[in-house]
Amino acid sequence: MDVTRRQILASLAALGVALPLRAGAATADALTFGAPQPYSFDALVARMQALAAEAYVPEVPRAGDVLERIDYDQHQRIEYLRQNTLDFDGGKAPIRFFHLGRYFKLPVGIHVVDGETARQVTYDPGLFRIPSDNPAKELPDDIGFAGFRVLEPDGDRDWLSFLGAAYFRTSGELDQFGLSARALAIDVAMPTPEEFPRFTDFYLAPSDIGGRIKIACAMNSPRITGVLEMDCTKDGPIVMEIRSRYFARDAIERVGIAPLTSMFWYSETDRERRIDWRPEIHDSDGLAIWTGEGERLWRPLNNPETVMTSTFSGKAPQGFGLLQRDREFDHYQDDGVFYERRASVWIEPKGEWGDGAVQLVEIPTDDEIHDNIAAYWLAAKPVAKGDALAYDYRLTWARDAPHPVAAGKVVATRMGRGGITGQPRPPGVTRFVVDFDGGAIAALDAGTLGVDTIVAASRGTVSLAHCYRLKVGTVWRATFDLKVDGREPVELRLFLKKGDIALTETWAYQFLPLAPEEPA
């Protein structure tokens, strides 16, 4: 099916909660299950590897014309009944199921693991409250589930959701859904259409590490199959210990590992591009990278006029993620979706990932309903037909990245007219203002001497580089002007140092010059 990221995520909203298999799972009386089948992670991996050796068979939705009529509004009217909740692992992780609809036409198998066997949950329309005039009433009685969500033990709030393709997302430490993660990103921002693998089956088991739940996801796609297993804990931050195994049916030019998908419309950085009354609108405001060499990078996000792909090459990073650093309600003024509560999501590779690059893709958007940001790891070696890929990593959804920057971190990026106040402003010159706070930089008082502003630009002329501590708080501000001709992007880097010691992380920004007729 040809769907967009937002279509895949469109139907995630409030539903309804908890209840009693063995080995940690109990069921409501209305739930029924298939016969026990042998199960292990290794056996599931072997099955998906064997599937990769077979030709891909396109999946055709059953009753597709009826499902097409279950749009967002009709989907929201279908309620999973609270009394039919799967009370998993003694109440640690109550589970409810999503119904199929326009954006989720292919059913998934949901299996509960009991030791070395698993039983599939049987779909029954009676598990849902379906209004009499809803098209879902016309569907076959065995049409299947679209996905599921995991709730708090009290059954009143969900914190983990699987719905559509191979996407998943959590409410994070601050209990507000925002950006998404997925198994793989295939051919993002390529001349050919992006391929969206989908999870076909889920296997739910008690956690091996004392967490809430362990979930193994079987994945299929025209050019690749695989398994992604996550062991999830929720104690403040939500932490997923992930094992992924993939098998290529065919060569794939761009395979993004551990991909994140987010939304960035605008921030305080690019005021001239705003068309909405709210000061800022974004799920994430920057990409953070802790390189394999130890450098900490902060790349503020852009909403470009054309698709832009930025590549940060080297050996595997110690971590990377899309973060929401701005936590002030006043900076968003939206008490409906609370952008200041959106999770920061951090990826820590385990084992040897080899050489490659963190890649950032920014896609133009004119509204907050479109996910237009993707970030992932791209191995240096292209994926060939028959390749087997294995990547383990930790995925953390939290207020802040789990490993604080010891040096000062970027807390704001602003742009305006260049030149000197009170004098005629030179045309084509932009002033950049970057604020750093925390760590080593915050410890310096205003009278500290020898703090240098190190700026580099891929083109253009840099002038008036300067830094100082603000008179309020502990922020150090770096400013510089850039004179540049033409509209080609400019790669900028800036950090503060004293002697040979870096006092801040590196601000790495892609400047997109305005057209000459636009105000600078």
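Three exercises with worked solutions follow.

This is a predicted model, in which local features need pLDDT of at least 70, side-chain atom pairs count only at pLDDT 80 or more, and totals for chains, interfaces and linings use all residues. Residues are numbered from 1 along each chain as its sequence is written, and side-chain values use heavy atoms, with hydrogens and water left out.

**Exercise 1.** Place T200 and decide: is T200 buried or exposed?

Solution.
- Locate the residue. T200 lies in strand 14, residues 198–205. Strands are DSSP runs of E, at least two residues, numbered from the N terminus.
- Check accessibility. T200 is buried because its relative accessibility is 13%; buried means under 20% relative accessible area (1.4 Å probe, protein chains only).
- List contacts (heavy atoms within 4.5 Å). Beyond neighbours within four places in sequence, T200 touches P107, V108, G109, A218 and N220.

**Exercise 2.** Work out which strands stand at the edges of the sheet 29-30-33-32.

Solution.
- Read the order. The four strands form an open sheet with antiparallel pairing. Pairing requires at least two DSSP bridges between two strands.
- Find the edges. Strand 29 (409–417) and strand 32 (461–469) each have a single partner strand, so one side of each lacks a neighbour in the sheet.
- Inspect one pair. Eight bridges join strand 30 (429–437) to strand 33 (476–483). V434 faces A478 in strand 33.

**Exercise 3.** Determine how many residues of strand 27 are buried, then trace its pairing.

Solution.
- Count. Six of the seven residues in 373–379 are buried, so strand 27 is largely enclosed by the rest of the structure.
- Take strand 18 (255–262). Four antiparallel bridges link it to strand 27; T261 has A374 as bridge partner.
- Take strand 26 (355–362). Seven antiparallel bridges link it to strand 27; L360 is opposite A375.

Key: Buried < 20%, exposed > 50% of the residue type's maximum accessible area, 1.4 Å probe, protein only.
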